[in-house]
Amino acid sequence: MLFTRNDFGEDFKWGVSTAAYQIEGAHNADGKGPSIWDVFSQRKKKIFNNHNGNIACDYYHHYAEDLALMYNLNIPNHRFSISWSRILPNGIGAVNYKGIDFYNHVIDFCLELGIEPWITLYHWDLPQALQQKGGWTNRDVVNWFSYFVDCCIKNFGNRVKYWMVLNEPMVFTGAGYFLGVHAPGKKGLSNFLAASHHAALCQAEGGRIIKSLRSDCKVGTTFSYSHIEPFRHYDEKDVNAAVKVDALLNRMFIEPLLGLGYPTKDLKILERIERFIYPHDEKKLAFEMDFVGLQNYTRELVSHAPLMPFIRAKIIKASKRDVDRTVMDWEVYPPGIYEALKRINAYDGVKEIIVTENGAAFEDLFEDGILDDHKRVKFLQDYIAQVLLAKRDGIKVGGYFVWTFFDNFEWAEGYHPRFGLVHVDFATQRRTIKNSGRWYSVF
Ligand code: FCB
């Protein structure tokens with residue numbers, strides 16, 4: 001399908017997304033305190049080739065030229081996150097004004113260029129000082145987080161209209177507190193359920209704080225969401241396994257927010273979260289967001305797996321299925337974003353959906369100084385075509401942000417997967433626009 005930005009209407013928001021730890025570098029500059037990712041990435045064998053985000057894209061020192069490049073690429077919205085320990089080195093208490101200054105400069109320069117800033121409050125980099133007190137497993141995190149949100153809104157809320165409370169709570173609790181493959185590297189069901197309940201409380205409480213301080217702001221929060229299917233549609237066990245994985249990966253955080261509670265009916269093990277729930281929590285979990293951020297990359301096929309602890313289900317990787325896939329081993333499946341939009345749209349109480357992340361990592365090759373990433377161009381075209389289809393079918397989708405502006409630190413995968421519209425040479429910090437970046441700026 002051929003389309004242009006105009007087909008989506010004038011109000012549709014086009015943008016790019018980034019996150020503080022993945023791009024900023026300057027990990028200990030100007031009074032910044034350490035975050036759980038600073039600490040986790042120093043541990044051996046946790047990250048591909050023992051990479052870390054100490055320097056990353058050095059955006060802390062290059063933000064002006066990077067934003068100018070974004071402007072030149074005709075990108076009108078930039079979603080980025082605030083590093084909590086850059087502005088509150090201990091997580092709570094004393095403010096680091098140099099950190100506040102940095103974000104003031106970024107916001108002001110965005111506005112000067114006509115780029116709308118969209119801020120994610122929490123994109124996974126908890127202050128290490130708070131992790132020492134249990135991090136997300138300690139219920140006090142609701143107070144710590146409230147303090148941080150209050151500080152951000154009071155400093156930046158007069159210029160930033162769009163706010164997102166959390167980035168993908170399922171991923172930072174699942175990978176960080178259950179599997180131990182992301183910071184802070186904790187494992188086990190109990191850690192996971194405690195962290196999850198507290199994150200679910202924070203996602204609603206954060207929304208309430210923003211609105212109480214600035215009723216004119218637009219508030220949302222983001223969810224990872226992959227269309228899920230049984231590996232064998234005819235096998236009842238696979239069908240049941242898919243229902244469970246869907247409850248865990250796709251429904252666990254959005255449903256309490258919408259006042260529906262946790263999806264325990266379809267995933268019995270979740271009943272164990274009850275021991276972390278206090279009287280009146282159910283009400284506190286709910287909040288009416290102005291928009292929901294959908295982050296979609298792939299679809300997952302699920303089979304019954306009797307030996308898999310707790311869930312008795314497993315995801316069949318793309319490489320085992322002989323399908324088109326990215327460097328992350330994620331299947332390329334454009335109709336999945338349509339399905340995800342349709343499903344989220346069907347919930348009562350969802351007012352608008354913004355695709356806050358979508359994109360792909362491929363092996364990018366330079367030839368004669370040109371980076372022809374045709375696979376990424378095709379990926380974006382095919383996924384965006386599905387977004388247009390959804391919009392035409394009456395689904396309330398109001399924006400689309402590419403993950404990501406430039407190649408950056410991809411968590412446990414280090415610098416290996418490159419998702420950017422702009423190539424970064426990490427040895428020289430040189431930026432080169434890829435063909436996908438050119439395409440995104442003119443279509
Ligand atoms: C999402 C994260 C983002 C990035 C992409 C590839 O889960 O929110 O930071 O790593 O995946």
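# A tour from a bent helix to a ligand site

Select α3 and look for a kink of about 35°, centred on E65; the bend at a residue is the angle between axes fitted to the seven residues ending there and the seven starting there. Helices (H or I, at least four residues) and strands (E, at least two) are DSSP runs, numbered from the N terminus. The model is a predicted one, in which local features need pLDDT of at least 70 and side-chain atom pairs pLDDT 80 or more, while totals for chains, interfaces and linings use all residues. Residues are numbered from 1 along each chain as its sequence is written, and side-chain values use heavy atoms, with hydrogens and water left out.

Stay on α3, residues 59-72. Its end C-alpha atoms are only 17 Å apart, where a straight helix of 14 residues would span 20 Å (1.5 Å times one less than the number of residues). Among its buried residues are Y59, Y60, H62 and Y63; buried means under 20% relative accessible area with a 1.4 Å probe, protein chains only. Just after α3, select N74, which has a positive phi of about 65°.

Next, show the barrel. Its 8 strands are paired in parallel and close in the order β1-β2-β3-β4-β5-β7-β10-β13. On average, neighbouring strands of this sheet are turned by 25° against each other, direction ignored; the axes are lines fitted to C-alpha atoms, and angles run from 0 to 180 degrees between N-to-C directions. Within the barrel, select β7 (residues 291-295) and β10 (residues 353-357), which are joined by 4 bridges; strands pair if DSSP finds at least two bridges between them. Q295 stands opposite E357 in β10.

Which residues lie around the ligand? They include Q295 and E357, along with E168, W403 and W411, each with a heavy atom within 4 Å of the ligand. A polar side-chain atom of E168 is 2.5 Å from a ligand oxygen atom. For E357, a side-chain N or O atom is 3.0 Å from an oxygen atom of the ligand.

Now select E168 alone, in the loop between β4 (162-166) and α8. Its phi is positive, near 40°, and E168 is buried at 7% relative accessible area. Most residues other than glycine have a negative phi, and most peptide bonds are trans.

Go on to W403, which a cis peptide bond with omega of about 20° joins to T404. T404 lies in the loop between β13 (397-403) and β14.

End at the hairpin of β14 and β15, with 4 residues between the strands. D425 stands opposite R430 in β15, and Q429, in the loop, is buried at 12% relative accessibility.

Note on methods. Buried < 20%, exposed > 50% of the residue type's maximum accessible area, 1.4 Å probe, protein only. Polar contact = N/O pair within 3.5 Å; in protein donor to acceptor, adjacent residues only side chain to side chain.
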